[in-house]
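Grab a coffee and open the viewer. Below are a few short exercises, each with a solution worked out in steps.

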Amino acid sequence: MSTLDVVTDASVVAKRNLIKIKRVPDLLVFTTLSPIMFVLLFAYVFGGAIDPTGGGAAYREFLIAGIFAQTVVFGATNTGAGLADDVKKGIIDRFRSLPMAPSAVLTGRTLSDVVNNVLVLVVMSITGLIVGWRINTGPLEALWGFVLLLIFAYAISWIMAWLGLLIPSPEVINNASFIVIFPLTFVANTFVPLDTLPGPLRVFAEWNPVSAVTQAARELFGNPDPNPMSAASLAWPLQHPQLYTLIWAVAVVAVFAPLASWQYRRAASR
Amino acid sequence: MNTPDVAIEVAGLVKRYGEVTALDGVDLQVPRGTVLGLLGPNGAGKTTIVRILTTLLQPDAGRAVIDGVDVLAEPREVRRRLGLSGQYAAVDEYLTGFENLDMIGRLYHLGRRRSRERARELLEQFSLTDAGDRPTRTYSGGMRRRLDLAGALVAHPPVLFLDEPTTGLDPRSRTEMWGVIQQLVAGGTTLLLTTQYLEEADVLADDIVVIDHGRAIARGTADQLKAQIGGERLELTVSDEGRLDEAARLVTPLGVAPPVTDEHRRSLTMPVSGGVKALRQALDLLESEALEVDDAGVRRPTLDDVFLTLTGSTTEESP
């Protein structure tokens, strides 16, 4: 199997997944509508109550990177649900009986989910701009901020890929991942400044990689924390959020890509 | 073991799932260009055999060689030589028929141009040209099965595995599917087919192996097997439950094997060779003894009869 075959096979599989987005446009509409709804809900319903400075504009600027992080993490469940569906329908069996690169199904899947996330981020950025979010840095820094979010989401995709092959039921995957993803994305600096959290939760939030990727994105977009008091007592991950995010991403892929590949080789329909 | 005229060779295949033994030492030989039918009830181990031979599952013991290539040692080389169509149609419902086949061609590394040509050829061959550019979720069950089978043929594999290709199809689609399979076989493809229907194995297979509890319990041509289990069945239902045994005694000389009685249904079943003639004789005999009959008939053997004869238990009684 040549390297070229590995790349071609992965792109064939990714193309197949992307055709689904084209054929079922409702899917993209709803995956982007819910984040838009989140932006509006948090900005205007909770915004005034959460923002200690009382001015909604500052909170909206703070909020957007958090919603980006939350959305791309939620988006990773698509990877798991999609694979679970493929196992259930016997499509994984067909792939496994073909002389293709075994890695292609998983890399194709996770890569097409990156494309999905790019589309979602574009829609959300536009919504953000409408409600008053601004990028206050240069284009390269901003781009790196988006790329960092995508890298982080890509890593989470591999956890979901493993789960999707382990538990081949799309419904169970959706429900099970919510149990993990809700605390991960809410016990973090995504929607509230960290110093509002009580002791143990705060420690969890400080070391939560979702906080780090959010913090990194805020720095790279130039969206300051409206409550600068917290900056003095930041934990190590939040002082080096880009590095911490990358360490997590690499570690997660290093653990879950082999696990998912192993599970793929034994995946059985029914 | 690398006999050039043997396309599929299986020896001592064993597969266990914890305490359960799914396959208990299965041996198979399929000469090139012939069709082997694996016949058995649900859970007999047919699908497990197919999954092992198509590299989807690792056996606990045994050897399998397909087209001269060892399945366990060189799975990727084996995948180049086989086509698989599963129990349910593994087609992507969001892709069109053309896109499904084109994707499979690309994954067999036929190249972009050849994959497209092949996809069009197969759509034509399976009468799906008109539906070729529609997403397959608009297809009927029969169309999906045909597309799935077409998918197995993309790379002209010398060996083809069809796992219950007609289960769940209506009678018309089933007959259509049989026609398609017969055409393929006429082209020289070696085929291993699993089925729950004796009739299907009869129509399509050169040789039949009957599988039960992970073991091959009988093998031969359809005619040999039918001779072994007796051809047609005489079925009688008597009015008076108390006289069922008497009826059984009376008709015994007409059968090729002793009758089996079912007290609950007041009925008896017996393999006969003479068909309608045996039925008339039986009715005359019972009438002369004033034994009233509610229902009588001759029917072809079913898988249940095969099991009844070979194992002494019906498929429903198998755990």
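## Exercise 1: around A84(A)

Once neighbours within four places in sequence are set aside, A84(A) touches G164(A), I167(A), P168(A), S169(A), P170(A) and I173(A). Keep in mind that this is a predicted model.

**Task.** Find the element that holds A84(A), and decide whether A84(A) is buried or exposed.

**Solution.**
- Start with the backbone: A84(A) sits in helix 4 of chain A, which covers residues 77–88.
- Next, check the accessibility. The cut-off for buried is under 20% relative accessible area, and A84(A) comes out at 0%, so A84(A) is buried.
- Finally, look along the chain. A161(A) is 77 residues away from A84(A) in sequence, yet their C-alpha atoms are 8.4 Å apart.

## Exercise 2: where chain B meets chain A

**Task.** Work out how many residues of each chain are in contact, and how much area is buried between chain B and chain A.

**Solution.**
- Count the residues: chain B brings 34 and chain A brings 31.
- For the size, remember that an interface is often described by the accessible area lost when the parts come together. Here the figure is about 2,800 Å², with carbon and sulfur atoms giving 57% of that.
- Now the charges. There are five salt bridges between chain B and chain A. One to click on is K89(A) with E93(B), where the closest N and O atoms are 2.6 Å apart.
- Add the polar contacts: 10 residue pairs across the interface of chain B and chain A, with both residues at pLDDT 80 or more.
- Which elements of chain B take part? Those giving two or more residues to the side that touches chain A are helix 1 (46–53), helix 2 (75–80), strand 6 (82–85), helix 3 (97–107) and helix 5 (141–152) of chain B. Helix 3 of chain B gives the most, with six residues.
- Sort that side of chain B by residue type, and you get 15 nonpolar, eight polar and 11 charged residues.

## Exercise 3: helix 3 of chain B

**Task.** Say how many residues of helix 3 of chain B are buried, and what covers them.

**Solution.**
- Go through the helix: 11 of its 11 residues are buried, so helix 3 of chain B is largely enclosed by the rest of the structure.
- The buried set isn't just greasy names; E99(B), D102(B) and R106(B) are among them.
- Look at the cover. It includes helix 1 (3–23) and helix 5 (91–96) of chain A, along with helix 4 and helix 5 of chain B.
- Step past the end of the helix to H109(B), in the loop between helix 3 and helix 4 (112–125) of chain B. Its phi is positive, near 65°.
- Most residues other than glycine have a negative phi. H109(B) is partly exposed, at 25% relative accessible area.
- For a second case, try H213(B), whose phi is about 50°. H213(B) lies in the loop between strand 9 (207–212) and strand 10 (215–220) of chain B, and is partly exposed at 40% relative accessibility.

## Exercise 4: the nonpolar cores

**Task.** Which members of the largest nonpolar core touch the most other members?

**Solution.**
- This core has 70 residues, and the two to pick are F95(A) and L149(B).
- Zoom in on L149(B): beyond four places in sequence, its contacts include F126(B), L160(B), M177(B) and L184(B).
- Then find the second, separate core of 35 residues, with F42(A), W133(A), I181(A) and V213(A) among them.

Definitions and conventions: Residues are numbered from 1 along each chain as its sequence is written. Chains are lettered from A and ligands numbered from 1 in the order in which they are written. This is a predicted model: local features need pLDDT of at least 70, side-chain atom pairs count only at pLDDT 80 or more; totals for chains, interfaces and linings use all residues. Side-chain values use heavy atoms; hydrogens and water are left out. A nonpolar core is a set of buried Ala, Val, Leu, Ile, Met, Phe, Trp, Tyr and Cys residues joined through side-chain atoms within 4.5 Å. Buried means under 20% relative accessible area, exposed over 50%, partly exposed in between (1.4 Å probe, protein chains only). Contact means heavy atoms within 4.5 Å. Buried area is the accessible area (1.4 Å probe) that two parts lose on being put together, summed over both. A salt bridge is a side-chain nitrogen of Lys or Arg within 4 Å of a carboxyl oxygen of Asp or Glu. A polar contact is a pair of N or O atoms within 3.5 Å; within protein, one must be able to donate a hydrogen and the other to accept it, and residues adjacent in sequence count only if both atoms are side-chain atoms. Helices (H or I, at least four residues) and strands (E, at least two) are DSSP runs, numbered from the N terminus. Ala, Val, Leu, Ile, Met, Phe, Trp, Tyr, Cys and Pro count as nonpolar, Asp, Glu, Lys and Arg as charged, and the others, Gly among them, as polar.
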